Amino acid sequence: MELKNYMEEAVKDTLDNVLKDLDVCKCEKCKLDIMALTLNSLPSKYYVTEKGELYNKVNELKRQFEVDIISKITQAAYFVNEHKHHGDDHV
Ligand SMILES: [Zn+2]
């Protein structure tokens, strides 16, 4: 058994699809920053899960929150691109 934030999975699942249409940096650091910002502005959805159960619940959430998820990712992507574009450790 595992405690999981399904919203995190739903955002992770949607991220690349949204980013590919945006003119923003898509390096690992920016993607994680975008994930963090996006998740902070969406409700958490924690469930106790057994292996294999994930897929259905994530799809259900994605349907329910798709518009929100896409618009939050878009906002976060532009914010990260403009405001926190890479620390010194970034190559
Ligand atoms: Zn970057």
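**View 1. Helices α1 and α3 lie oblique to each other in this predicted model**. The axes of helix α1 (residues 6–19) and helix α3 (residues 54–83) come within 7 Å and cross at roughly 55°, and the pair is therefore oblique, a word kept for angles that are not under 35 degrees (roughly parallel), over 145 (roughly antiparallel) or 65 to 115 (roughly perpendicular). Axes are lines fitted to C-alpha atoms, for helices over the stretch in contact, with angles running from 0 to 180 degrees between N-to-C directions. The crossing of α1 past α3 is right-handed, the near helix being turned clockwise from the far one by less than a right angle.

**View 2. Residues in the contact of α1 with α3**. With contact meaning heavy atoms within 4.5 Å, α1 contributes residues including Y6, M7, V11 and L15, while α3 contributes L54, V58, F65 and I69, among others. The residues of this contact divide into 15 nonpolar, two polar and four charged, where Ala, Val, Leu, Ile, Met, Phe, Trp, Tyr, Cys and Pro count as nonpolar, Asp, Glu, Lys and Arg as charged, and the others, Gly among them, as polar.

**View 3. The elements of the protein chain**. Three helices and two strands make up the elements, which run β-α-α-β-α from the N terminus on; helices (H or I, at least four residues) and strands (E, at least two) are DSSP runs, numbered from the N terminus.

Residues are numbered from 1 along each chain as its sequence is written. In this predicted model, local features need pLDDT of at least 70 and side-chain atom pairs count only at pLDDT 80 or more, whereas totals for chains, interfaces and linings use all residues, and side-chain values use heavy atoms, with hydrogens and water left out.
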